Amino acid sequence: MKLTVRIWQTALFSLVALAAMLPFYFMLLPSYRQNATALVNSRVERELDYLSRVVPTDKGKITDGKNIEVEADRFTQAFQVDLWVYDAKKKLILSRTNLTKPGNILDQAVARGITNRSFIHTDLDTGLVLAARPLVSDGKVAGILVISEDDDSIRVAVGSVQRQLNTIFITALVIATLIGFVFSEAIRRQMQKLRRGAFTIAQGNFNLRLKVGMVPDEMAELVKTFNVMASKLGEAFATLRDQQRQILRVINAMGEGLIEVGADGLINLVNPEAARVMGKPAEDLIGNRIEDLPEHKHLVKDIKEALKGKESTSVYRHEERVILVHGTTIKEPGDKKVKGGVLILRDFTRQYELEQAQRDFITNASHQLRTPVSALKGYTELLMGSAGDDPKTKEKFLKSIEIEVNHMERLIEKLFTLARLDSHAEIVAIGKHSVAEITQEVLAITFPLAEAGKVSLDVDLETIPAQEVICDRDRIVEVLAGFVENAIKYTPGGGSVTVFSKPDGERIRIGAMDNGVGIPPGEIDKIFDRFYRYDPREKKKKGAGLGLSIAKEIIEAHGSKIEVSSIPEKGSTFWFTLKAAA
Ligand code: ADP
């Protein structure tokens, strides 16, 4: 059972009242009885004094019996007492009894009197007062006087005092109990108020303020302190909540994925980037174990390490993505116990692809450069040897050296262009330029190649002669010339290549069409890759596989894209569109 404040406080008040009153009760009543007894005794003593004077004795004996009778009658009637007179041999010589019934107390009194001692018995509760006195003559006990009375008034007085005291005692106890109850009820109410307040605060409502009581006591101070505590707690929690929100905002805005796992291995937190990398909404991950996600096996190893208190870093592939995982442990400073683990996931795919492309680029570029360099080395060695003596051979070798050097120069130029496009340093110089002029220039550049390849080169302009397009002229010439050069290269002798332009909605379509070898459908996606070359005739053509990848970057920098349509053995068409000048 719960011992409430009300019960123990009330009991305490009652106990205090009881403890205060008990000594009072037990001292006052006996003292009153003592005084009453003393009063009665002194009266009885006086009566005996009188009697012993009127009962004559001589030589150790009671004399003059008749006179005693008269005095006894007078005395018992006047004082309303019973009287016994015994001689020295305890023989009753006179008695007047009709008021009291002393019983064996009378015998005790006589027995005392015979030994020359007085006796007095006062019973306040029954009102019986019995006293005996020896009558002494010539140093001997001559007889014994005994008087007995039923003192009703003393019995009534003592009873009434006792009753009054009892009433006072009980009333005081009831009042003390009531006061105790009222006080304890007041305290209980205050405490209940505090208890409810504390409960409200525990539920997170810090706006609660308790009413301070009227009495400026410790309880009022406690309520005031409680209110201060509530307001301070509210402020502290608001700050905490703000900080929590701020941390969550940062976590959610992080470019890295973050997964927090508790010491029990359950996922507690997944930020949006982690959910993206894992390919599942955060809600589907929170509350699960990483072990239950079979598609992310790598994470199991990393989180296990983290929960063991070790750091780990690993890279794994998940659905075309390369993910870098870093696992760390959550620990309180100075505490060895692991509270959980955190995994930071970084989508490494783009960087990985870039690094891979860079590695491929360096390998391909060195490979492309190695061929002309070893050719040059060979020719130089031959020239320095006996071949240098023959002017004809010398000239042939020098010609070959010139071709290789030109080829290297073009290759280096292309690599340089690519590098500049990659670093975004190559910004196109936009202006209005005539379509006719661009195509003319392309024709002028590519004509010798067409002639050498015995391929006819035509122009088909469906646009008006004055049509202008918005572009970087030199770059567009470079791209279109590349198209035409490729077309000539991949068109057997007797074939034809046509440079064309025609309106395409708001834009102008410009391109080159040939009736050459064409490109197999499976190759079309790859021809724009750097260093990609495909030659169906397997003839040695001096291409580095960079032309189309550069062209693609230039056209994309114009906000457009290169399109291809090709049928093997029938020919190919490469084109792009440019914004028409108004
Ligand atoms: P290259 O400098 O070797 O010509 P490109 O990037 O210009 O490299 O071309 C890449 C590949 O695209 C070529 O190896 C070739 O297989 C294909 N190609 C380009 N244009 C044509 C075309 N007009 N006809 C057939 N194949 C072509």
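Which elements do the buried residues of α11 pack against? Keep that question in mind while opening the structure, which is a predicted model, and begin the tour at this helix.

**Stop one: helix α11**

Select residues 435-452, which make up helix α11. The helix has 18 residues and reaches 26 Å from its first C-alpha to its last, close to the 26 Å expected at 1.5 Å a residue. Now show the side chains of Val435, Ile438, Thr439, Val442, Leu443, Thr446 and Ala450, which are buried in α11. To answer the opening question, add β13 (431-434), β14 (456-461), β15 (468-471), α12 (473-489), β16 (496-504) and β17 to the display, since the buried residues of α11 pack against these elements.

At the start of α11, zoom in on Ser434, where a side-chain oxygen reaches to within 3.2 Å of the backbone nitrogen of Ala436. Moving along the helix, stop at Thr446, where there is a kink of about 45 degrees, shortly before the proline Pro448; Thr446 is also one of the buried residues of α11. After the helix comes Lys454, whose phi is positive, near 55 degrees.

**Stop two: two further positive phi values**

Most residues other than glycine have a negative phi. Select Phe531, which is not a glycine and yet has a positive phi of about 70 degrees. The residue sits in the loop between β17 (507-514) and α13 (547-557). Is Phe531 buried or exposed? Its relative accessibility is 10%, so Phe531 counts as buried.

Next select Lys90, likewise not a glycine, with a positive phi of about 65 degrees. Lys90 belongs to the loop between β3 (82-87) and β4 (92-96), and because its relative accessibility is 45%, Lys90 counts as partly exposed.

**Stop three: the sheet beside Lys90**

From the loop that holds Lys90, widen the selection to the open sheet of five strands, whose order is β4-β3-β7-β6-β5 and whose pairing is antiparallel. Its edge strands are β4 and β5 (119-122), each of which pairs on one side only. From one strand to the next, the twist averages 10 degrees.

Within this sheet, colour β3 together with β7 (residues 140-150), as these two strands pair in the antiparallel sense over six bridges. Val85 is a convenient residue to label here, with Leu145 in β7 as its bridge partner. Then add helix α3 (residues 104-114), which lies across β3, β5, β6 (128-137) and β7, and which runs at about 155 degrees to β7.

**Stop four: Thr10 and helix α1**

Select Thr10, which is found in helix α1 (residues 5-54). With a relative accessible area of 13%, Thr10 is buried. Which side chain does the side chain of Thr10 meet in a polar contact? That partner is the side chain of Ser184, at 3.4 Å. Leaving aside residues up to four places away in sequence, Thr10 touches Val5, Thr177, Gly180, Phe181 and Ser184.

**Stop five: helix α5**

Finish with residues 218-253, helix α5, which has 36 residues and reaches 51 Å from its first C-alpha to its last, close to the 52 Å expected at 1.5 Å a residue. Display Met219, Ala220, Val223, Phe226, Asn227, Ala230, Gly234 and Ile251, which are buried in α5. To see what surrounds these side chains, add α4 (152-202), β8 (257-262) and β9 (267-270), against which the buried residues of α5 pack.

Terms used. Residues numbered from 1 in each chain as written. Predicted model: local features only at pLDDT ≥ 70, side-chain atom pairs only at ≥ 80, totals over all residues. Heavy atoms only, no water. Helix = DSSP H or I, 4+ residues; strand = E, 2+ residues; numbered from the N terminus. Buried < 20%, exposed > 50% of the residue type's maximum accessible area, 1.4 Å probe, protein only. Pairing = 2+ DSSP bridges. Axes fitted to C-alpha atoms, helices over the stretch in contact; angles between N-to-C directions. Contact = heavy atoms within 4.5 Å. Expected span 1.5 Å × (residues − 1). Bend = angle between axes of the 7 residues up to and from the residue. Polar contact = N/O pair within 3.5 Å; in protein donor to acceptor, adjacent residues only side chain to side chain.
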